[in-house]
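Q: Please take a close look at one part of this model, and explain in connected steps what surrounds it and how that part sits in the rest of the chain.

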Amino acid sequence: MGVDRRKFLKLAGVSAALGLGGATGFQLLRPGALDAAERMPTPYQMVFPKEQGNAEVSPNPKRLKGRRWGMVIDMRKLTPAKARAAIEACDYYHNVPQIPGKQNIKWIWTAPYVNVFPETENPWADPEIKNAQFIVMCNHCNNPPCVRVCPTKATFQREDGIVMMDMHRCIGCRFCMAGCPYGSRSFNFRDPRPFIKKEYLDYPTRTRGVVEKCTFCSERLAVGKLPYCSEASGGAMVFGDVDDAGSELRQLLRKRYSIRRKPNLGTDPQVYYLV
Amino acid sequence: MYDSGKIITGLVIFLAIFTYPLWSNMGKAAPVPKPELPPKSVATQCVADTNYMRTSHMTLLNVWRDDVVRMGDRVYVSPNGKAYNMSLTNTCLECHSDKVKFCDQCHNYLAVAPFCWDCHQVPKPKEKK
Ligand code: SF4
Ligand code: SF4
Ligand code: SF4
């Protein structure tokens, strides 16, 4: 059995006519007629059956609003004790586990000058700076390579600049860890729960197989509070809106000389160090 | 047929073992789950209608998750006008304070193991006074 050319052409004609009769044809002949039906429903219209009425969601009115969040770390004020207090606060309130060895998870930690600012190596620099322990954390880069490489958009940048993690989406591929030039990200090689000294019950832990990092305390900003580390640092870590010329952060940046980590990479980090 | 005796005996034994789960449970219905609702003094209504929550709470939770994590919307106003903080541990489990007596009842019955609890904390059941 075969389809000869005549039959084939006939079939093709009939199919085309039928295709035009569908939604496309309708749209062509009477534009706009289907628009109302096709408008995307909001998520709550999708989850709720019609007769239940509508649910609404909104941000918390008390939240802190910023166009571009950033952090200034004043190395003159940052004593080792204050650094420790800041780190302990973050670790406790975010259930950051303490795992001995290479599998440790870090959100915020200290590192010496040579490691934090490797390109500015200078044997005769002020020893006070050179020997200081700098606080390091995610820089919430304006041009974040981690976001660019994440295949699932588990890492994404919010409108206010915060580079956020959606743990629900992370597949643990660790591209972002390869992408981040600052080592700000850690992978959960194992279930972190047994390594959390004291669990803080209001914040989730993480699970095996996801990457985590500092979130600029988005859960605190959402209820109108400042990040834990900034609060615990006794004024050595100032959090604020980089886009707001009147903010305390911008005043500090005007008055004092500040440096950033690896600026030549073009990531535009938003953690500034006053030296 | 050679060895028919052995083969048929073997088949019968195989079938008996293979179907054991079926006939051993015959006539015995697994007890219907009875999730324990919070006492009226704690809450009389949920964030949505009971029937809806029974069948579709997971859909709602997924939408909440995206709203909170990705959109930054954290306040939910239910169809009847009450406002809630969108949080599994701090809102849902605030009323449904005993996960074993509530969530686990149906989840175990249906043999589903949601991995919410790998990360989200389960508050210790409150002491009844
Ligand atoms: S410091 Fe690393 S993890 Fe943080 S935004 Fe920049 S590239 Fe991403
Ligand atoms: S490990 Fe997770 S966050 Fe990182 S790139 Fe992969 S999916 Fe994205
Ligand atoms: S901003 Fe928040 S999450 Fe980031 S290091 Fe400080 S306390 Fe930790």
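**The surroundings of ligand 3**

A: In this predicted model, the residues that surround ligand 3 are A:Cys90, A:His94, A:Trp107, A:Ile108, A:Met137, A:Cys214, A:Thr215, A:Phe216, A:Cys217, A:Pro227, A:Tyr228 and A:Cys229. Sorted by class, this shell has 10 nonpolar and 2 polar residues, and no charged residue belongs to it.

One member of the shell, A:Cys90, leads to helix H5 of chain A, which runs over residues 80-93. Helix H5 has 14 residues, and the distance from its first C-alpha to its last is 20 Å, close to the 20 Å expected at 1.5 Å a residue. Within H5(A), the buried residues are A:Ala83, A:Ala86, A:Ile87, A:Ala89, A:Cys90 and A:Asp91. To read such a list, it helps to recall that an α-helix has 3.6 residues a turn, so residues three or four places apart point the same way. The elements that cover the buried residues of H5(A) include strand S3 (108-112), strand S4 (133-137), helix H11 (228-232) and strand S9 (237-241) of chain A. After the helix comes A:Asn95, whose phi is positive, near 50°.

Strand S4 also leads onward, for A:Asn139 lies in the loop between S4 and helix H8 (145-149) of chain A. A:Asn139 is buried, because its relative accessible area is 1%, which is under 20%. Apart from its neighbours within four places in sequence, A:Asn139 is in contact with A:Tyr182, A:Ser184, A:Arg261, A:Pro269, A:Gln270 and A:Val271.

For another view of a ligand site, ligand 2 may be set beside ligand 3. Ligand 2 is surrounded by 14 residues, of which the closest are A:Cys150, A:Cys170, A:Cys173, A:Arg174 and A:Cys176. By class, the shell around ligand 2 has 10 nonpolar, 3 polar and 1 charged residues.

Since cysteines are named around both ligands, it is reasonable to ask how many disulfides there are, and a search of the whole structure finds 0 over all chains. B:Cys119, for example, is in no disulfide, and the nearest cysteine sulfur, that of B:Cys116, is 9.6 Å away. B:Cys119 is buried, with a relative accessible area of 14%, and A:Cys180 is buried as well, with a relative accessible area of 13%.

As for confidence, the predictor gives the complex an ipTM of 0.76 and a pTM of 0.81.

Note on methods:
Residues numbered from 1 in each chain as written. Chains lettered and ligands numbered in written order. Predicted model: local features only at pLDDT ≥ 70, side-chain atom pairs only at ≥ 80, totals over all residues. Heavy atoms only, no water. Near = heavy atom within 4 Å. Nonpolar A, V, L, I, M, F, W, Y, C, P; charged D, E, K, R; others polar. Helix = DSSP H or I, 4+ residues; strand = E, 2+ residues; numbered from the N terminus. Expected span 1.5 Å × (residues − 1). Buried < 20%, exposed > 50% of the residue type's maximum accessible area, 1.4 Å probe, protein only. Contact = heavy atoms within 4.5 Å. Disulfide = S-S within 2.5 Å.
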